[in-house]
Amino acid sequence: MKRFVILVSILVLFLMGLSMMLPSNISVAKTIEINAPENKISKQINNFDQWANWFPLLKTKLGSIQIQNEENATILRKGGENIQVSYLTKTANSASFSTTIPSGSTANYTITISQLPESVFRVNMVVNTNLKWYPWEKMKGIFLDKISGPQYEEALKNLKDYCESAR
């Protein structure tokens, strides 16, 4: 029994030491090409009232959006924590916003639109997630792209489908 306690203690100390070496800020980037007018794409990302057309939680009816003003909204998730969303900047070819859930997790999203040849636009989404210092939080960062990446890809695919279909 004494050996077991020592082994568990060493394992816990090792994981804590390892987690101190892992970064607290993780970035995940996803890109898609959209054949639609830039102003149509920009309207979707810069207006909360358009998010239901492409944002996965809203599009699938797993949540609803409560808009406080042009800069702030709350996404009310069914069976989950609500997400506070605040625009940081909005331009004709980009938007950045931050999200916060009650447990304190935050993420900053930057979506940029750049023109390619023949009226095709590249939409790039970069998500910076701030992790807490807890070892399990930092370990989660190793798998963040696998956990969240498919959701970001789905959001971009929904944006593409909506913008290209309603031309």
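## Exposure and two positive phi angles

A residue is called buried when its relative accessible area is under 20%, exposed when that area is over 50%, and partly exposed in between. The structure described here is a predicted model. S119 has a relative accessibility of 45%, so S119 counts as partly exposed. This residue lies in the loop between β6 and β7.

The backbone of S119 has a further feature: its phi is positive, about 60 degrees, although S119 is not a glycine. Most residues other than glycine have a negative phi. K61 also has a positive phi, near 65 degrees, and is likewise a residue other than glycine. K61 is found in the loop between α3 and β2, the latter covering residues 63–67. Because its relative accessibility is 58%, K61 counts as exposed.

## Exposed residues and a surface patch

W133 is found in the loop between β7 and α4. With a relative accessibility of 62%, W133 counts as exposed. W133 and S119 are 14 residues apart along the chain, and their C-alpha atoms are separated by 45 Å.

At the start of the chain, M1 is placed in the segment before α1, a helix that covers residues 2–21. M1 counts as exposed because its relative accessibility is 78%. Together with F4, V5, V8 and V12, M1 forms a nonpolar patch on the surface. The accessible area of these residues together is about 520 Å².

## The largest pocket

The largest pocket holds about 730 Å³ of space. Its lining consists of 32 residues. Those that lie nearest the centre of the pocket are R77, Y109, S148, Q151 and Y152.

Both helices and strands contribute to this lining. The helices α3, α4 and α5 each supply at least two residues, as do the strands β3, β4, β5, β6 and β7. Helix α5, which covers residues 144–165, gives the most, with 7 residues. Sorted by class, the lining has 19 nonpolar, 9 polar and 4 charged residues.

## Salt bridges

Side chains of opposite charge can pair when their charged atoms come close. The structure holds 5 salt bridges, and three examples are described below.

E153 forms a salt bridge with K30, and the closest N and O atoms of this pair are 3.3 Å apart. E153 lies in helix α5 and K30 in strand β1, so the salt bridge ties together parts that are 123 residues apart in sequence. How exposed or buried are the two partners? E153 is partly exposed, with a relative accessible area of 42%, whereas K30 is buried, with a relative accessible area of 15%.

A salt bridge also joins the side chains of E33 and R122, with an N to O distance of 3.6 Å. Because E33 lies in strand β1 and R122 in strand β7, this pair ties together parts that are 89 residues apart in sequence. E33 is partly exposed, with a relative accessible area of 40%. R122 also counts as partly exposed, at 32% relative accessibility.

In another salt bridge, K90 pairs with E71, and the closest N and O atoms are 3.9 Å apart. K90 lies in strand β4 and E71 in the loop between β2 and β3, so the pair ties together parts that are 19 residues apart in sequence. K90 is partly exposed, with a relative accessible area of 29%, and E71 is partly exposed, with a relative accessible area of 33%.

Key:
Residues are numbered from 1 along each chain as its sequence is written. This is a predicted model: local features need pLDDT of at least 70, side-chain atom pairs count only at pLDDT 80 or more; totals for chains, interfaces and linings use all residues. Side-chain values use heavy atoms; hydrogens and water are left out. On a 1 Å grid over the protein atoms alone, a cavity is a set of points where a 1.4 Å probe fits but cannot get out, and a pocket is an open set with protein on both sides within 12 Å along at least five of seven lines; lining residues have an atom within 4 Å of a point. Grid points are joined across faces, edges and corners, and a volume is the space filled by probe spheres set on the points. Helices (H or I, at least four residues) and strands (E, at least two) are DSSP runs, numbered from the N terminus. Ala, Val, Leu, Ile, Met, Phe, Trp, Tyr, Cys and Pro count as nonpolar, Asp, Glu, Lys and Arg as charged, and the others, Gly among them, as polar. Patches are made of residues with over 30% relative accessible area and no salt bridge: like charges are joined within 9 Å, nonpolar side chains (Val, Leu, Ile, Met, Phe, Trp, Tyr) within 5 Å. Accessible areas come from the Shrake-Rupley method with a 1.4 Å probe; for residues, only the protein chains shown count as cover. A salt bridge is a side-chain nitrogen of Lys or Arg within 4 Å of a carboxyl oxygen of Asp or Glu. Buried means under 20% relative accessible area, exposed over 50%, partly exposed in between (1.4 Å probe, protein chains only).
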